[in-house]
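Reader: Could you take me through one part of this model up close? I'd like to see how the charged side chains there fit in with the helix beside them.

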Amino acid sequence: MRTPHAAVTAPSVDTEGTMVSHPTPGGPTAEGQGADGQGAGGQGAGGHSVRTRSQHQRRKRIVQAAAALASRGGVEAMQMRTVAERAGVALGTLYRYFPSKMDLVVAVVGEEIDLLESSIERRPPSASTPAGRAVDVLMRATRGLMREPELADALIRSLILAEVETPFGDRMTGLLLRVSAAGLTRDEATEEQVALAGSLSSIWVQELLEMLRGRRTYDQIQRRIEIAADRLLTGIA
């Protein structure tokens, strides 16, 4: 167990389905100062680029702090003031980046998908069939998320109840299209192809929820995803 003042880390899926730790500052920093030591309005050789980099780093600290809190206590632990303190920013700054807690949840999910996509670029699925490649990706994501069930449960339940637009479904659908149909994008795909990949993504989310509720084992989820993928993705390419 970490001490109250220890740095916390937020998990993310890596290429092997394990969790990558993101260090989060243990205490506040001077507001407006990025990790590079420059203020948000810093000038010099970098000028505009320094401001942009500082803003990006500040946003990343906020998202990492939120993920760390959610991994230990669910969305209820992601109190905006607590997130701001963990990230070392003023509460007003946090609200400028994320007007609501749900916007922050969406950002945490977005970072998880970013890391999953990066892992797939580094080690693409090697299965010979579209269904096999899709199953590889979904089970990689499952292994990673289930290492931090509090975070997985918080994120998925919150997204289901979200009152703001969330990119989760569209991004997972796009990812499944790319791996199962040789790099096919949503813009290039037919309506039927998008619907098939989207249906598989939805099934995976539901199965993951059942696992979080204790109603599915990992092996059961894999088998059910394999069956669904075989039926939905045969001939998708």
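Author: Start with glutamate 207 and arginine 216, whose side chains form a salt bridge with 2.7 Å between N and O. This is a predicted model, so read that distance as a computed one. Glutamate 207 is buried, at 6% relative accessibility. Glutamate 207 also has a salt bridge to arginine 224, at 3.0 Å from N to O. Arginine 224 belongs to helix α9 and glutamate 207 to helix α8, so this pair links parts of the chain 17 residues apart in sequence. Unlike its buried partner, arginine 224 is partly exposed, at 41%.

There's another bridge in this stretch: arginine 215 meets glutamate 210 at 3.6 Å, N to O. Here arginine 215 is exposed, with 52% relative accessibility, while glutamate 210 is buried at 10%. The count for salt bridges comes to eleven. Elsewhere, Asp114, Glu117, Arg171 and Arg178 are joined in a salt-bridge network.

Now for the helix that carries arginine 224. Helix α9 runs over residues 218-233, so to speak a 16-residue piece, and spans 21 Å from first C-alpha to last, close to the expected 22 Å. Its buried residues are Ile221, Ile225, Ala228, Ala229, Leu232 and Leu233. They lie on the same side of α9, because their arc around the axis is only 100°. Asp219 and Arg231 sit on the other side of α9, and both are exposed. What covers the buried residues of α9? Among the elements that do are α5 (130-146), α7 (168-180) and α8 (191-212). After α9 comes glycine 235, with a positive phi near 80°.

From there you can step out to the interior. The largest nonpolar core has 62 residues, and those with the most contacts inside it include Leu200 and Trp204, along with Ile62, Met78, Val83, Leu94 and Leu104. Helices α8 and α9 are among those that each supply at least two residues of this core, and α4 gives the most, with nine. To pick out one core residue, leucine 94 is in contact with Ile62, Met80, Val83, Ala84 and Val89, leaving aside neighbours within four places in sequence.

Notes:
Residues are numbered from 1 along each chain as its sequence is written. This is a predicted model: local features need pLDDT of at least 70, side-chain atom pairs count only at pLDDT 80 or more; totals for chains, interfaces and linings use all residues. Side-chain values use heavy atoms; hydrogens and water are left out. Helices (H or I, at least four residues) and strands (E, at least two) are DSSP runs, numbered from the N terminus. The expected span of a helix is 1.5 Å times one less than its number of residues. Buried means under 20% relative accessible area, exposed over 50%, partly exposed in between (1.4 Å probe, protein chains only). The arc is that of the directions from the helix axis to the C-beta atoms. Contact means heavy atoms within 4.5 Å. A nonpolar core is a set of buried Ala, Val, Leu, Ile, Met, Phe, Trp, Tyr and Cys residues joined through side-chain atoms within 4.5 Å. A salt bridge is a side-chain nitrogen of Lys or Arg within 4 Å of a carboxyl oxygen of Asp or Glu.
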